[in-house]
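Please open the model in your viewer, with a cartoon for the backbone and sticks ready for individual residues. The tour below proceeds by selection, each stop saying what to pick and what is found there.

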Amino acid sequence: MHSPKPRRKPGPTTAGADSGEKLDELLISSAICNGEDLGPFVRKTFGTGKPETLLHHLKLFARSKESEIEEVCKAHYQDFINAVDDLKSLLSDVESLKSSLSDSNSKLQSIAAPLLSSLDSLVEAQTVSRNVDLAIRAVTHCVRVMELVSRANQHLQSGSFYLALKCVDSIESDFLEKTQSSTLKRMLEKRIPQIRGYVERKVSKELGDWLVEIRVVSRNLGQLAIGEASAARQREEELRMKQKEAEEQSRLSLRDCVYALKEEEDDDEYESGLEGSDAFDLTPLYRAYHIHQTLSLEDRFKRYYFDNRELQLKSDSQVSSMTPFLESHQTFFAQIAGFFIVEDRVLRTGGGLISRQEVEFLWDLAVGNMCAVLEDQFSRMQTANHLLLIKDYVSLLGVSLRRYGYTVDALLEVLSKHRDKYHELLLSDCRKQMIEALSADKFEQMLMKKEYEYSMNVLSFQLQTSDIAPAFPYIAPFSTTVPDCCRIVRSFIEDSVSFMSHGGQLDFYDVVKKYLDRLLGEVLDDALLKLISTSVHGVSQAMQVAANMSVFERACDFFFRHAAQLSGVPLRMAERGRRHFPLTKSQNAAEDTLSGLLKNKIDGFMTLIENVNWTSDDVPQGGNEYMNELIIYLETLVSTAQQILPAKVLKRVLRDVLAHISERIVGTLCGDVVKRLSMAAIKGVDVDIQLLESFTEQLKPLLTDKEAKEMKTAFVEIRQLINLLLSSHPENFVNPVIRERSYNALDYRKVAAVSEKLRDPSDSIFGTFGTRGSRQNPKNKSLDTLIKRLKDVS
């Protein structure tokens, strides 16, 4: 099919068009000779709409090459003829070869047909064998998988979760990917996570049950540990007392070694008792920890355990408002002690379940809560015994947990902080007890019928004055107040030492001694002063109180020795730090009260002095009536007082009484009652003084020579006055040397007053009228001289 001839575009010149066509022809010829692609030329030709030109050029190129082809063919014609001849000869050979091959093929097929049949059978048998082997391996694989599955089920049913997990891990790692059964594989892929979840839930439930149970176990464990610490403390106290007794008695130290060895054995028994397997069981915890390790959930389990234990600790640290703390404090502290004993075991044997830092964090949390609880409860308590009970239990808690390496300094600081409050409450309690004991006193000597009463009331406070046991019934020189107050003071010392000991402070004797001084110097002394001022109304009562004070003086020595002994301080150091008698005020008040009552009694007898005839010319034989009555009373007083009062107290009281008698006689002579004195009256007073001196001489078995002289100085004033008035030269009183030697106790005004009353009336101014021619008495003259000189002095 020929395409329509395109219209020709006018060109500039015909020669230019011919040259362009020649150029295109050359390009096409060059491309064909070089084997290049003619596509561009074809596209260009059709693009310009002139395919005829291309065809024309191709035809021209073909005609130009025909001659070349012809020349080539002519050049190779002979070779071609030779090749054809060779091919013809070759064709005959090929035909013979073909017939030979056909014969060989027929023979081969006839021979190989049975072999090929056998080969097909062999191939089929091998295929079946391979299939059977694959089936056997698959079945064997499935059997092993099912055996592990069955074993895992058995372990799950028996509660052997770790073995069940090991079976599941083995199935997952060794068999799951190799399982060809899609149904079995899907089942395993579904069940393996379910089994792990089931195991995790079961062990978590067991752990939850254990966490509930361990709280009860912890409380019992804490009570056991604190009880053992209390028993160990008691054994230590007994050992310490035995060692002190051994030291005091200078015995061999062998027994001390035996005691120490026994104490160590007790400690070993304590450790073995708490470390025994029966104390508490951690198997559920460790089992759950091991299972979670197998499940690769170790960190999550550690966090879960720590959080739950922290919550339990916070719950245990709460104090119930429904129960008084005094009743619940033992359970409260025992629960916390058991908690940390369990945590110590978990730390040492848990394989990293909880770290040392976490345990310390829990301990710091517990200590902070306990300190806050103690601060709050101590601030509310108003009974010393309650503080002591809680303090003792807290100190035992500290001893128990210090064995496990826990620091309890913060708890001990809280106890030490409330030391002053405890002692103030203790002083208040003792004040009430002492007031009750003193108010019940009947001011009678205590009767003891049995030896145990003597031991309980005398020996236990070292109040005895002799090591020889008295005969029973025994009448003590003191009343029931003394042993009652001694028991109160001893209880105070023991309670104070109990509070101060085991509190982290080793040397606390000074603190105990300070509060003991307050108890004696403030509480007991004030109570005795109040008793003396309000309840003592008679001489016998005052004498009994004074006797009690002397016994209290010995008791105070025992109190300080007892405090030193309980505080672990050597007695020689306690003796070195001794102070004055702390009951000095009440002792002085008792003696002053006794002296005052005796003086009042003496004043009653001294009223009889008004019956004396001071102007009589007769000297009374045997003394005046008032003095005889006084001597009888004083002798009765001394015989009674010797059974109760110590000698030194009796001496002081008698000296005050004798001095009072002397003052009353001097006062009577100088007073308005006596208007005139006769020499016979003065001599009668001299006889009275001699009776006092004779009474004093009777006291010599009780007095030393020095004390006898001091006793006589009690009535030295009246003796010197009587000696002066009876002397032949009374004017010598104005001589300083003689007065200092013989009349140093006299007041010149009293001497002048008595001398004025003693002077003879006839020697006065108005008496000279009737006796103008008589001679003046030398005695009166000396008195006149004395009176005149004394008036000059005044």
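What follows is a walk from the whole chain to its helix contacts, its core and some individual residues.

**The whole chain**

Begin with everything displayed, bearing in mind that this is a predicted model. The protein chain holds 27 helices and 2 strands, and of its 794 residues 39% are buried. If contacts are taken between residues at least 6 apart in sequence, 80% of them join residues at least 24 apart.

**H16 against H17**

Select helix H16, residues 509-535, together with H17; their axes come within 11 Å and cross at roughly 170°. Angles over 145 degrees count as roughly antiparallel, and H16 and H17 are therefore roughly antiparallel to each other. With side chains switched on, residues of H16 including Tyr509, Leu516, Leu524 and Ser535 can be seen to meet residues of H17, among them Gln541, Met549, Phe559 and Ser567. By class, the residues of this contact between H16 and H17 divide into 15 nonpolar, 3 polar and 2 charged.

**The nonpolar core**

Next, select Phe333, Phe340, Met370, Phe559, Ile661, Ile665 and Ile718, which have the most contacts inside the largest nonpolar core, a set of 198 residues. Helix H17, residues 539-567, gives the largest share of this core, with 16 residues. In soluble globular proteins, nonpolar side chains tend to be buried together.

Centre the view on Ile661 and ask which residues it is in contact with, leaving aside its neighbours within four places in sequence. They are Ile602, Met627, Leu630, Leu634 and Leu692.

**H22 and what covers it**

Now select helix H22, residues 679-698, whose 20 residues reach 29 Å from the first C-alpha to the last, close to the 28 Å expected at 1.5 Å a residue. Colouring H22 by burial picks out buried residues including Ala680, Ala681, Ile682, Gly684, Val685, Leu692 and Phe695, and the buried set also includes Asp686, Asp688 and Thr696. What covers the buried residues of H22? Adding helix H20 (625-641), H21, helix H23 (705-712), helix H24 (716-726) and H26 to the display shows elements included in that cover.

**H21 across H26**

Keep two of these, helix H21 (residues 647-670) and helix H26 (residues 748-758), and look at how their axes come within 9 Å and cross at roughly 55°. H21 and H26 are therefore oblique to each other. Val666, Leu669 and Cys670 of H21 make the contact with Lys750, Val754 and Lys757 of H26. Sorted by class, this contact of H21 with H26 has 4 nonpolar, no polar and 2 charged residues.

**A buried glutamine**

Move to helix H19, residues 584-606, and select Gln587 within it. Is Gln587 buried or exposed? Its relative accessible area is 9%, so Gln587 is buried, the cut-off being under 20%. Not counting residues up to four places away in sequence, Gln587 touches Met549, Glu553 and Phe581.

**Backbone stops in three loops**

Select the loop between helix H14 (451-457) and strand S2 (474-475), where Pro473 has its place. A cis peptide bond joins Phe472 and Pro473, with omega of about 0°.

Go on to Ser296, in the loop between helix H7 (283-294) and helix H8 (298-316). Although Ser296 is not a glycine, it has a positive phi of about 60°, and at 65% relative accessibility Ser296 counts as exposed.

Then compare Phe443, placed in the loop between helix H13 (419-439) and strand S1 (447-448). Phe443 is likewise not a glycine and has a positive phi of about 55°, but at 12% relative accessibility Phe443 counts as buried.

**Two pairs separated in sequence**

For the last stops, select Met241 in helix H5, residues 182-248, which counts as partly exposed at 30% relative accessibility. Draw a distance from its C-alpha atom to that of Leu566: the two residues are 325 residues apart along the chain, and these atoms are separated by 8.8 Å.

Finally, select Ser64 in helix H3, residues 51-158, where it is partly exposed with a relative accessible area of 36%. Ser64 and Ser29 lie 9.8 Å apart in space, C-alpha to C-alpha, and 35 residues apart in sequence.

Methods:
Residues are numbered from 1 along each chain as its sequence is written. This is a predicted model: local features need pLDDT of at least 70, side-chain atom pairs count only at pLDDT 80 or more; totals for chains, interfaces and linings use all residues. Side-chain values use heavy atoms; hydrogens and water are left out. Axes are lines fitted to C-alpha atoms, for helices over the stretch in contact, and angles run from 0 to 180 degrees between N-to-C directions. Helices (H or I, at least four residues) and strands (E, at least two) are DSSP runs, numbered from the N terminus. Angles under 35 degrees count as roughly parallel, over 145 as roughly antiparallel, 65 to 115 as roughly perpendicular and the rest as oblique. Contact means heavy atoms within 4.5 Å. Ala, Val, Leu, Ile, Met, Phe, Trp, Tyr, Cys and Pro count as nonpolar, Asp, Glu, Lys and Arg as charged, and the others, Gly among them, as polar. Buried means under 20% relative accessible area, exposed over 50%, partly exposed in between (1.4 Å probe, protein chains only). A nonpolar core is a set of buried Ala, Val, Leu, Ile, Met, Phe, Trp, Tyr and Cys residues joined through side-chain atoms within 4.5 Å. The expected span of a helix is 1.5 Å times one less than its number of residues.
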